[in-house]
Amino acid sequence: MRSENLFKRQFNEFLRHVQSVGHGHPLGSEREIGRTLGTSRTTVRKCLAAAKESGLISRDGAVLRQVEPSELYCEAETIPPTLMVERAFLTWILQSDSGPGQTINALQLARQFGVSSTTIREFLQSFRHFGLMEREAGGKWVFRGMTLEFANELSDIREIFELRSVMRFAELDDGDPSWNELRRLRGEHLKLLETIETDYHRFSLLDEQLHRLINSASSNRFVTEFYHVISLIFFYHYQWNKKDERSRNEAAVYQHLDYIDAILSRDQKKISQTCTAHLSEARRTLLASITREARLENSSVLPDPAY
């Protein structure tokens with residue numbers, strides 16, 4: 001499954017490369033294509049064979065026609081299983097509209113996400129090390145929330161990771177597929193602004209996609225492994241605080257657009273300024289949600305539904 005998803009993701013990148021080369025132009029050698037896509041010559045050969053069979057390119061490697069949208073694999077087929085579980089879990093948290101202290105049934109989630117119970121347990125276990133999850137009898141888990149001290153430490157690490165990653169992103173070659181993905185996300189943010197009154201909750205998934213894309217530029221296994229913890233914490237607490245959610249999300253969309261434009265400019269000073277400003281606001285929102293959570297836990301009054 002993992003190798004299939006990886007190839008489909010690489011094949012999509014290959015098709016986007018073909019589209020950028022244009023009708024009638026040669027793709028170049030296997031080595032050149034592999035260098036552009038950052039993949040092995042074995043994978044390039046498989047992509048070329050599939051493209052020749054479909055009549056997309058000629059036997060000598062020239063582009064014969066445009067890529068049809070139907071030839072691209074859908075996103076669900078290209079993401080790694082671990083990332084698929086993480087995104088499904090974050091979406092579930094958003095839709096369940098629950099706060100810290102939520103009981104999580106691992107077996108039920110495994111059936112709901114269409115994955116093995118082992119995959120879900122391993123995902124939840126990764127948070128247990130930090131004291132964020134506690135396992136109970138009967139395959140149930142509880143998300144325990146966190147302290148202000150933990151949140152500040154997590155924010156420190158996030159800022160260190162992302163600032164380094166975004167500077168690496170700005171140094172990527174012009175032909176790197178990450179630039180097209182960044183421009184696509186910019187377009188998705190602009191579309192969201194058109195329907196922000198009703199679709200403001202969609203910002204959370206765009207937020208996850210943008211920051212994951214930026215951090216992927218680090219090519220650092222520790223950043224990649226730790227990012228799902230960062231993602232869950234910020235997503236979970238940010239969504240649990242419903243007060244002024246629409247206006248907060250709208251403001252965050254504009255922050256993202258400033259951030260994306262700074263990255264596209266490759267101006268390191270602008271990138272540093274917008275990155276720092278955005279992550280500082282994310283820290284403030286996270287700390288505010290934790291403070292509110294603690295205040296509600298210490299009160300016998302039920303939360304105001306408006307929140």
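In this predicted model, Cys-47 is buried, its relative accessible area being 2%. A second cysteine, Cys-275, also counts as buried, at 1% relative accessibility. Because buried means under 20% relative accessible area, the values of 2% for Cys-47 and 1% for Cys-275 place both residues in that class. As for cysteine pairs, the count of disulfides comes to 0.

A helpful next stop is Thr-39, found in the loop that links α2 (30-37) and α3 (41-53). Is this loop residue buried or exposed? With 17% relative accessibility, Thr-39 counts as buried, because the cut-off for that label is under 20%. Its surroundings can be followed residue by residue. Leaving aside residues up to four places away in sequence, Thr-39 touches Gln-10, Gly-34 and Val-44. One of these neighbours, Gln-10, also makes a polar contact with Thr-39: their side chains are joined at 3.2 Å.

Attention now turns to a pair of strands. Strand β2 (residues 133-136) and strand β3 (residues 140-143) run antiparallel and are joined by 4 bridges. Across this pairing, Arg-135 stands opposite Trp-141, which belongs to β3. How many residues lie between the two strands of the hairpin? There are 3 residues between β2 and β3, and the turn includes Gly-138, whose phi is positive at about 80 degrees. For readers tracing the strands in the structure, a general pattern may help: in a regular strand, side chains alternate between the two faces of the sheet.

Key
Residues numbered from 1 in each chain as written. Predicted model: local features only at pLDDT ≥ 70, side-chain atom pairs only at ≥ 80, totals over all residues. Heavy atoms only, no water. Buried < 20%, exposed > 50% of the residue type's maximum accessible area, 1.4 Å probe, protein only. Polar contact = N/O pair within 3.5 Å; in protein donor to acceptor, adjacent residues only side chain to side chain. Contact = heavy atoms within 4.5 Å. Pairing = 2+ DSSP bridges. Disulfide = S-S within 2.5 Å.
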